[in-house]
Amino acid sequence: MDLIRFDSLFPSLAEVETRTLTIFGQPGLESGDYTCAEAYCPDPHCDCQRVMINVFSGDRRVQYATISYGFVRTAPEAGPYLDAMNPQSAYCVALLNYLANYLEETPEYVALLKSHYAMVKGVGRNPHHPSHAVLTQWRAEREAMLREPARKRHRHK
Ligand SMILES: [Zn+2]
């Protein structure tokens, strides 16, 4: 599943609506700001109902955790869980626990994530959407990246 960053499709909205958690006095976590950047699957034919939350330091220089969270809470892999394919850190388990509680206690944040998910799917669905060109370019870059190793292998034969 390929995920696109929400802020690459909706930069100005992401600036306002990307959540930063200020965490103090949590065991296993350094006190400070943690920015929860979102990524979604833009495929309009896929009904994955999920967000990937990339937890960065407040200045976004360090990624501390990558957490997958499904909106269908009864689904077997709803999460939240740590995504094994993406960056984690020594803080990841503490962040996962913190975020799991936060999502549980903050239904308006979950509603915001769901609305962002719908917006990203909307871009995927609508070729006339102002952000559709960004998505098209992103797809082309992903495809070029995937083709590259195969071509290299071919040359060495
Ligand atoms: Zn999907």
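**Close-up 1. Phe71 and its ring partner Tyr69.** In this predicted model, Phe71 is buried, because its relative accessibility is 7% and the limit for buried is under 20%. Tyr69 is also buried, at 5% relative accessibility. The two ring centres sit 6.2 Å apart, with the planes of Tyr69 and Phe71 at 75°. That angle is over 60 degrees, so the pair counts as edge-to-face.

**Close-up 2. The aromatic cluster around Tyr69 and Phe71.** Tyr69 and Phe71 belong to one aromatic cluster. Its other members are Phe6, Phe10, Tyr40 and Tyr117. The structure as a whole holds eight aromatic pairs.

**Close-up 3. Tyr34 and Tyr64, a tilted pair.** The ring centres of Tyr34 and Tyr64 are 5.6 Å apart. Their planes meet at 55°, and the pair is tilted. Tyr34 belongs to strand β3, residues 32–40. Tyr64 belongs to strand β5, residues 63–70. The pair therefore ties together parts that are 30 residues apart in sequence. Both rings come from buried residues: Tyr34 has a relative accessible area of 3%, and Tyr64 has one of 16%.

**Close-up 4. Glu143 in helix α5.** Helix α5 spans residues 132–155 and includes Glu143. Glu143 is partly exposed, with a relative accessibility of 46%. That value falls short of exposed, because exposed means over 50%. Thr22 is 121 residues from Glu143 along the chain. The C-alpha atoms of Glu143 and Thr22 are separated by 38 Å.

Notes: Residues are numbered from 1 along each chain as its sequence is written. This is a predicted model: local features need pLDDT of at least 70, side-chain atom pairs count only at pLDDT 80 or more; totals for chains, interfaces and linings use all residues. Side-chain values use heavy atoms; hydrogens and water are left out. Rings of Phe, Tyr and Trp (its six-membered ring) pair if their centres lie within 6.5 Å; planes under 30 degrees apart count as stacked, over 60 as edge-to-face and the rest as tilted. Helices (H or I, at least four residues) and strands (E, at least two) are DSSP runs, numbered from the N terminus. Buried means under 20% relative accessible area, exposed over 50%, partly exposed in between (1.4 Å probe, protein chains only).
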